[in-house]
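Dear colleague,

I am handing over the structure we spoke about, and you will find the sequence and the coordinates just below. After them I have set out what was found, one region at a time.

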Amino acid sequence: MLKVALIADAQQATYWQQFVDYEIHVTLDDTAHTLAAEMTIEYTNNAPESLDFLWMHMWPNAYSDAKETDLAKQFIQQGSKKLLRAGEDEMGSIYDFSFQLDGRALTWEPHPEYADVVKVILPAPLAPGQKVQLFIPFQVHIPSSDFSRLGHSDNAYQITQWYPKPAVYDKNGWNEMPYLNQGEFYSEFGNFSVYITVPDNYIVAASGDLQTASEKAFLMERAAATAEMESFPTDLSFPPSSPTTKTLHYILENAHDFAWFADKRFHVLHGSIELPFSGRTVETWSYFTNLQADLWMKSIDYLNRSVIAYSNYVGEYQWNVAQALEGALSAGAGMEYPTITIIGESPTAAALDNVITHEVGHNWFYGMLGSNEREYAWMDEGINSYYESRYMDTYYNNNPLEVFLGPVANVFSSPEILEKNTTQLSWYLIAGLERMNKSQPIELHSNDFVSLNYGLLVYQKTAFLMSYMADFLGQGQFDRVMARYFDQWKMEHPQPEDIKQVFEEETGEDMSWFFDGLLRDDRSLDYRIQEIQNGKTVMVARIKNLTDIAAPFPISLMHGDSVLRTEWHRGFVGLQAIYINKLGEDEVITELRIGTNGLFPDYNMENNNMRVKGLFKKTEPLALKFLLAPDNPEKTSIFYSPLIGGNVNDGFMLGLGLWNSTFPAPALEWVLAPMYGFNSNAVSGQGSIGWNMYPEEGPFDRLRLSAFGATYRTNPDFDGMWYRKLQPQLELSFRKPKLTDPVSHNIRARAVRIEESSVDPGSPFPEIAYESFTEWFSEVQYTVTNKHILHPYSLTATAQHNRDFLKLFAELNYDIVFSKYKIETRLFAGYMNDMAETPNLRYQYSLAGVSSLNDYLYDDILPGRNAAEGMWSNQITRRDGFFKLPATEQSIGWSNDLLLAFNIELPVPNLPISFFADAGYVGDVDTDLAVEVSGFQYDAGIMLRPINNILEIYFPLIGSAQLADPLAFNYAQYISFTLSFNTINPFEALRKLSL
Ligand SMILES: [Zn+2]
């Protein structure tokens, strides 16, 4: 222990950090939405080496270009078009700036990569211990608040990340970084003195202590008036600005950022608390408009309670004020700055408390413990979420979904939900993602996370892991360690190795399993009980660790469903026997469970329990559940739901949906949906069973082997007409080099067995006079899709075979995007080798989209399959030539040779209308069945697309001579439509989770 203490002292002694003091004078122009400012900074170099230059963050420039800045690139990568669509004056920038030393302007250079960072060259090296004072005038054009954190919404101003700020220089060197929406900050500590000039009737909420006595008196008056209000108007309009201005002075000591907000509509509330240990007074303020004033009337209580809670959990609040305001924000539900936080709209009062508490908590994990948020977001967001979750557990112990959903949450009342908190509920999703190879390590640069993972892993998974660690160490010990961490590192820049060191010194444990294992691996734990040997006084359990993280695990000795005892065991790698001493010979242990209390980060809980006796030690009892509940690892869950459906042939249908799939999903998933048709008086329906494998290494990240079966009637008048489909299938997804990569590659191979019955309608006994035919098809398909919003495309190449034909076809969909406009193009090329003696029209390519006649593999969901007339006969699907004409028309063009087609669609921006044009080539047809359409063809018209690619209605206006003239007779006959249910399969959506 002595040795450790010496190392710690040495490390503390060598720790240093820079200081930057600011004096800023800023004036708001609320007509032009600009800031004019003059700033003086005093930079103290405490590093052991000299500095030749300073990297300066000029973050308002993140909004200066819709494509080139890192912020813009992040929006594009995440599929957001908001900056691309922005008008010139909605953008933002910092301009007219210079860096002056003793009246001389210094040279500066742009950063080679980041558009919003510059390098300021110092005229002479700044030696260790020396200070330099720079005078920096600058102007800011404030962007719209629709994008990120800095912005204005009309006359409501969110002035954040707004002034030139030196990047942190620490033991790792310079930490310059561009502004990002997903990914936060890292700045030097120092003192702020800020003078803000605004029109008189603005209410300003800012970091630090207000020094202007007259303004303070005015705010107190306002607060007294607000406290008296019993109801609030709904008016959100802005009063005109006063012609005169006021200048407010704020001081904030030992902080690393300064933000301010101004709005003419704010109501104000004021409170104060005494800190638990020192008894020092902290003033609390909240500011809000009429928008959610009713919820905000309790905001001071939330502020007070959370400041005291965190002071108790971690250590005392260091500043004199704690504030929250309601305002426009486009980066999450709330955003923290030292002593002040901005909160967006809240669904419930509990959610407002939750977000205020989270943001107040950032005064500890970000504000006082100034870690590098960009690189180690878990150190602020994750640890903070853990304490936020503790606060919520203390003050709200109802259904955790109620915070977000309100009373609707009561629909979800399974014990798996009611007995959990938000963090534990999130674990179900996280474990699912981990199993599905969709997870990422927690300790990853913020910009490398897919956005779902940033929220789920950085916040919730870290919080979950912290609870698990506290469970292992004991809450008391955990709290003591965290208090020491706070005490040692407050007002400094702790790194991951620093918090690890504190944990190891204080507990005497090797904590690598946590800091180097769980935080850096994209999967958590997977322990398996292999075998149990039951002796008289000792029980031996062989446990296998299927990962290489040697993390401790709790094993519970069960009697039935009740826990007799839970023992912690230190982690190991590989297989180990653990010995459990029985308390007495009559202690009856019936089962062992690992991590049964819902706090254990095992992504595969299926192998965590085993019964001591019996033939089927691993068989789990059955649990039947309605609709939706997370997986219960101790039970085999089957879910059910009534189904209502219908189609022209079966008529109205009632049925029962049964499935075993939930989150996290079992490897073997099945769905069954039998339905009774009231027209056919028969059972139709479908089902599937699939085995999912997610290898951790190798070219594929998902393999799915499945079988699908379906049977439905094919004629409304003859029950004897039906089809049966059976489809064994193998799907392979190629592993992406990075999860954020927009390109994905997939292969599908399937065999399709189609059995169809047909009736001879001329027979005197049509109900029984049917026979059935069976055909086999095989197919291999390769798909590559790119979801990049600037150049999205998908390419599918297919080879299909049957004893009568070989078809090779490919389809390319490519969108050409210019700012607000885009052209959707589609290219189809198909070749067919028809080997049948009598060519079958059904197998041929169709120049129009495919209808039920050509859907010989029964891939499409067609409510009016085989309808010869009426609306359903005009349904087509996006396949083959996709001319926007009903495919049942004989004159549309069929080919068993060659078919080429080019389709374009021009959507009218902001309207569900598109223009379309199709051009195609139909090769020679060697059959007498087909009609004489061949050679070059075209059509064009207008389409309505209420739901893009799902529901579209086509109105052709012109067509080539060989296509029947749409306008010649009965026009309605030529209107076709697409109604695609295939794209809205919830099970597929759940499993493919395109992040
Ligand atoms: Zn946060």
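**Strand pairing around E16 and E19**

In strand E19, Trp260 is the bridge partner of Ala206. Please keep in mind throughout that this is a predicted model. The pair belongs to the contact between E16 and strand E19 (residues 260-263), two strands that run antiparallel and are joined by 4 bridges. Both strands sit in an open sheet of 4 strands, whose order is E10-E11-E19-E16 and whose pairing is antiparallel. The edges of that sheet are formed by strand E10 (151-153) and strand E16 (203-206), each of which pairs on one side only. From one strand to the next, the twist averages 10 degrees.

**The nonpolar cores**

Trp260 appears again in the largest nonpolar core, which holds 189 residues and in which Trp162, Phe258 and Trp260 touch the most other members. Helix H12 (residues 451-473) gives the most to this core, contributing 13 residues, and the core also draws at least three residues from each of domain 1 (402-518) and domain 2 (527-626). Which residues surround Trp162, once its neighbours within four places in sequence are left aside? Trp162 is then in contact with Ile24, Val26, Leu35, Pro60, Ile94, Phe138, Val140, Leu150, Phe258, Ala259 and Trp260, so that Phe258 and Trp260 are among its contacts. There is also a second, separate core of 28 residues, which includes Tyr712, Met832, Ala848 and Leu857.

**Domains and the hairpin in domain 2**

The protein chain is divided into domain 1 (402-518), domain 2 (527-626), domain 3 (643-786) and domain 4 (788-995). The centres of domain 1 and domain 2, taken over C-alpha atoms, are separated by 24 Å, and 17 residues of domain 1 are in contact with 17 residues of domain 2.

Turning to the strands numbered from 527 onwards, strand E25 (residues 527-534) and strand E26 (residues 538-545) pair in the antiparallel sense over 7 bridges, and the two form a hairpin with 3 residues between them. Within this pairing, Gln533 has Val540 of E26 as its bridge partner. E26 is also joined by 8 bridges to strand E29 (residues 574-581), again with the strands running antiparallel, and here Met539 stands opposite Ile580 in E29.

**Two local sites**

Helix H2 (residues 70-77) is mostly covered, since 6 of its 8 residues are buried, namely Asp70, Leu71, Ala72, Gln74, Phe75 and Ile76. Just after H2, Gly79 takes a positive phi of about 80 degrees.

The other site is Thr877, which is found in the loop between strand E44 (845-846) and strand E45 (894-895). Is Thr877 buried or exposed? With a relative accessible area of 9%, Thr877 counts as buried, because the cut-off for that term is under 20%. The side chain of Thr877 makes a polar contact, at 3.3 Å, with the side chain of Asp860. If neighbours within four places in sequence are left aside, Thr877 is in contact with Gly849, Val850, Asp860, Leu862 and Phe882, so Asp860 appears in this list as well as in the polar contact.

With best wishes

Definitions and conventions:
Residues numbered from 1 in each chain as written. Predicted model: local features only at pLDDT ≥ 70, side-chain atom pairs only at ≥ 80, totals over all residues. Heavy atoms only, no water. Pairing = 2+ DSSP bridges. Axes fitted to C-alpha atoms, helices over the stretch in contact; angles between N-to-C directions. Buried < 20%, exposed > 50% of the residue type's maximum accessible area, 1.4 Å probe, protein only. Polar contact = N/O pair within 3.5 Å; in protein donor to acceptor, adjacent residues only side chain to side chain. Contact = heavy atoms within 4.5 Å. Core = buried A, V, L, I, M, F, W, Y, C linked by side-chain atoms within 4.5 Å. Domains from an automatic or database assignment.
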